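Q: Could you take me through this structure feature by feature, giving the general idea and then the case at hand?

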Amino acid sequence: MIRNQPHIVIIGGGVIGTSIAYHLALQNSRVTLIEQKDLAAGSSGACDGLVFMQSKKPGIHLSLAMKSLERFISLAEELPFDIEFRQTGGLVVIENNAEYKAMEKFASAQQEIGLDVRLLDTAQTLAREPLLSPHLAGATFSPLDARVNPIHLTLGLALAARKNHARIITHTRVLGIHTRNNRVTGIATTRGRFDADILVNAAGAMAGRVADMAGISMPIRPRRGQIAVTHADRPVLEHCLISAKYIAAKFDPALARDAGQGISMEQTENGNLLLGSTREFAGFDTANTLSGIKQIIRHTAGILPVLEQYQIIRTFAGLRPFTPDGLPLLGPVSSLSNFFMAAGHEGDGIALSPVTGLIMADLLLKGKTDICLDPFSPDRFTRNTAGTADV
Amino acid sequence: MIRPYYSIVILGSGIAGLAAAKSLSGKGLDILVIDENTHIGGQLLRGTTGYISLAAAMVSGFDPVKTRGVQLIRHLKNARDIHWLNRARVAGIFKDRQLLVHVDDMPGQPGRCIEIRAGKLILATGARERYLPFPGWTLPGVLSLGAAQILLKSHGTLPARNVLVAGSSPLMAAVASQLITGQGNIAGIVDENTLSDMRGFLPLAVHHWPKLLQGGAYIALLILNRVRHFRGFRVVEASGKEQFESAVIARHDRKGRIMPGTEIRVPAGALAIGHGFVPNIEPGIQAGCRAEYHRDLGGWIMAVNTTQDHTLFETSLKNIYAVGELTGIGGAHRSYIQGRLCGLSILAALEKYPRGRQHQRFRAAMASLKRENRCQNEYAFFLNRFSRVPDMAYDQIPDPTLICRCENITMGTIRKRIGQGFDTAAALKKAARCGMGRCQGRICGPVIFDVVSALTRAEPESVGFPTSRAPIGNLAIRSLLIPPDHTRNK
Amino acid sequence: MCKMPEQIGDSPGTSPRQQGQQVIIRVDGRNISAREGETVHAALTAAGIYRLRRLPDGSARGVFCGMGICYECLVTIDGVPFQRACMNRVRGQMEIQTRDNVCTGGDK
């Protein structure tokens, strides 16, 4: 650490905040991460570990994901936790013919840009994953898709950041943001003031509230995802699974009605099946609901009938940071100097966390990135630029 | 037939639940009592059928609450306004007290789920045991004192011909005397406490003389049968090839540190252990009720109102009440009083109390029960201090000891993670996976809480509030897929 | 010895030990006599069977809490896996399997 380096303060001890802290610490910068509860106490500790490539829209979203995937492979070696990164391959399961038609188009668009995606009929799908329902219309398969243990990933990033001299401070709540001459100077917390030359808002679903403290409005809304966990068992599911409903809707507006009804499934390294997930706007309420649990169980058991022999041991819910265009907010905010956003990944937070840490570190230390960040500019939504003053 | 709505739903048919039902019965309410067991009466009134010795009959004769419990069951069993739903368990309490209830129809079947809404919900889910882990406590044949008691009381089955009884629990004496009654052999009683630890009871003896008599009768029975009593000893290891064969016990000092050189190996066919009790607060926590920490009442308990007459024992959530061991480990008499009081308070809130002169009697009954409740708390404090293991005992747990039995997490892993800064219950769960298995931390949770408290010396609130998510207990997916059909009940 | 005057704590229609009929159940293919209505735990204990399952590392587990909380005593009953021996009641002809009963979960 060099004294005259800028002091970078990151708000949020989730997978995004810890990844930025780690990538900054790797380059010997002065970093402090502030988390109000425990590490991974929010959405990063209450989500599945899917790292899907084929669900991303060809273009900037997909190239970001591909870069992330590359970084995952090296992170698995670097981090002091077993992050259980496994490139299992992923299936996007298709439940009816309308979806099949939409996915046909989507897959060919992906194939055109060179992504390894294959459209499978029912028999081919069952050949890959024999316990799936024979009533499925098919699936798309990509060998690139992977899974990871999101909690271990977050904790591993935090421990590695700390090893590289980043300060990780938990159980400390941010109370306000200090500014002078339209420039961030520090934050007020329950453990006193922290001076900051640069402030990074990586507060996930809470990022909107943190931005509010600086008088900036950010359109990040909490979207609840409920997940059910089965007991641990021998391997029954090789691939990671999501349903085509959600993707197909993007290509065929007639299918949009069911877009929110998609499911996800994976079997963790420990043997538990994670069954998800709802997508609900319910404020900051992380309670599980009876209807949510029943919806997940009915839908997933329809796709993987062997689930009937399983038991649910736990449910949980996390708040995904939703943005109106489905893309995260990465980069500076024009209305306040030295205030950066790194939030709003919704369901892609885990998958995009390595690349987010990588490019945010580049942006903060070098002022430029390999990937053009314009589509992710937080200013794309900013309507109001309220004046800021020293608090 | 089970209806989709009851004005009162009581979870647990133990003494507290029965007492609440007694207060509420006959007042034009419809009451549903849900219990996971086949029998009504909870752990205290578990089938004491059949032949038992005169000595044991005398011992239980000293227990007036038990007698009262028997009367309650006889009185309420056929009450028209009470419906009993046994072999059923509430897997979740959702918004507006919508209950997801899992019902077992047939052994070896996944059962089915029904949904019931409760006007008012009384939690009377009692307590479970607390344990101090040691290497080998996962061996088959090492079982809880409660498990041993169920075998003996409900089934007349000995856990083994020769049983070692160990821990710091008041249940030890009860299990030992039941073993004698059942003509089993006691390899010894390994008692964390010494006789001088009992002195705390003496000032309470005036108000709690039945317990004194009961305790005296137990001790006399043990002396008569020449049971070896190792006071101030602790099990430091259980060993055996495929199942428990012998235990190494050792003396500890006042602070709870094992004294080297005092080890004795005791062979036995089974080892029954327990270190006091933990309230079963999970249903309340899952529902969203607030908990508070009270070391001398058994740790995390349900926070309830104890002052306003119209909302006695109401939790932080309106229309959800908690009584008995949930408000602090304090035994059957306290549970009875709280159940009765809670029921009367609900009657007062519903304006179903008697008018005129009778009203005075109603008020007087409530006032007297409130006095008795306070008096019972003194005994509760003694009970919990008596069964509490010293903090130092957690420092003594060797690294290879399994702490989380479900996920196979050792003390060594927990120490390492605490050292890395994962020093709250929640952080430890994420970093070490402890409490993530089938039991969802209901066995290891209290242990881990005590371990973290002992190792970090942090305040209970910083170590972490208890958490619980639906389902409470594992839930067969098939049971959720069977369409709800209320008519198939009964 | 004397008989207690009251039969306490049994709900209508259930059979306590003394009334339970002697039945035969099969445990890992072996015939064992048990009483209808008693818990599988009680029946297995009376037959001297303590080990009910194994972990992938080979270690053995049996009944621990005895009251449905710890899920240590999982056995297969009539082909349905993961049933708690402490909570399930014996019926005649019941088939119980403890062999090859491997459950996962392990220290990372």
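**Cysteines, helix packing and burial**

A: Let us begin with one cysteine in this predicted model: Cys406(B) counts as buried, because its relative accessibility is 18%, and the cut-off for that word is under 20%.

Q: How far is the sulfur of Cys406(B) from the closest cysteine sulfur, and why is there no bond between them?

A: A disulfide is assigned when two cysteine sulfur atoms lie within 2.5 Å. The closest cysteine sulfur to that of Cys406(B) belongs to Cys439(B), at 3.9 Å, which is too far for a bond. A second case is found in chain C, where the sulfur of Cys86(C) has its closest cysteine sulfur in Cys73(C), at 3.8 Å, and this too is too far for a bond. Cys86(C) is buried as well, with a relative accessible area of 7%.

Q: How many disulfides does the rule give over all chains?

A: By this rule the count over all chains is zero.

Q: How should I read the packing of two helices, and at what angle do α1 and α3 of chain B pack?

A: Two packed helices are described by the angle between their axes and by the distance between those axes. In chain B, α1 (residues 15–24) and α3 (residues 64–76) pack at about 50 degrees, and their axes are 10 Å apart; the two helices are therefore oblique to each other, and their crossing is left-handed. From α1(B), the residues in contact are Ile15(B), Leu18(B), Ala19(B), Ala21(B) and Lys22(B), which meet Val65(B), Gly69(B), Leu72(B), Ile73(B), His75(B) and Leu76(B) of α3(B). By character, the residues of this contact comprise eight nonpolar, two polar and one charged.

Q: How many residues of α1(B) are buried, and against what do they pack?

A: Burial is judged residue by residue, and for α1(B) nine of its 10 residues are buried, so that the helix is mostly covered. Among the buried ones are Ile15(B), Leu18(B), Ala19(B) and Ala21(B), which also take part in the contact with α3(B). Besides α3, the buried residues of α1(B) pack against α8 (331–349) and the strands β1 (5–11), β2 (31–35), β4 (82–86) and β7 (112–123) of chain B. After the helix comes Gly26(B), with a positive phi near 80 degrees.

Q: Which crossing angle do α1 and α5 of chain A have?

A: In chain A, the axes of α1 (residues 15–25) and α5 (residues 150–163) cross at roughly 30 degrees and come within 8 Å, which makes the two helices roughly parallel. The crossing of α1(A) and α5(A) is left-handed. In this contact, Val15(A), Thr18(A), Ser19(A), Ala21(A), Tyr22(A) and Ala25(A) of α1(A) meet residues of α5(A) that include Leu153(A), Leu157(A) and Ala161(A). The contact residues of this pair divide into nine nonpolar, three polar and no charged.

Q: Where does Ala256(A) lie?

A: Ala256(A) sits in the loop between α7 (244–251) and β15 (264–267) of chain A, and its relative accessible area of 40% makes it partly exposed. From C-alpha to C-alpha, Ala256(A) is 7.8 Å from Tyr246(A), with the two 10 residues apart in sequence.

Q: What is the order of elements in chain C?

A: Chain C contains one helix and eight strands, in the order β-β-β-α-β-β-β-β-β from the N terminus. Of the 108 residues in chain C, 56% are buried. Where contacts in chain C join residues at least 6 apart in sequence, 40% of them link residues at least 24 apart.

Methods:
Residues numbered from 1 in each chain as written. Chains lettered and ligands numbered in written order. Predicted model: local features only at pLDDT ≥ 70, side-chain atom pairs only at ≥ 80, totals over all residues. Heavy atoms only, no water. Axes fitted to C-alpha atoms, helices over the stretch in contact; angles between N-to-C directions. Helix = DSSP H or I, 4+ residues; strand = E, 2+ residues; numbered from the N terminus. Parallel < 35°, antiparallel > 145°, perpendicular 65-115°, else oblique. Left-handed = near helix turned anticlockwise from the far one by under 90°. Contact = heavy atoms within 4.5 Å. Nonpolar A, V, L, I, M, F, W, Y, C, P; charged D, E, K, R; others polar. Buried < 20%, exposed > 50% of the residue type's maximum accessible area, 1.4 Å probe, protein only.
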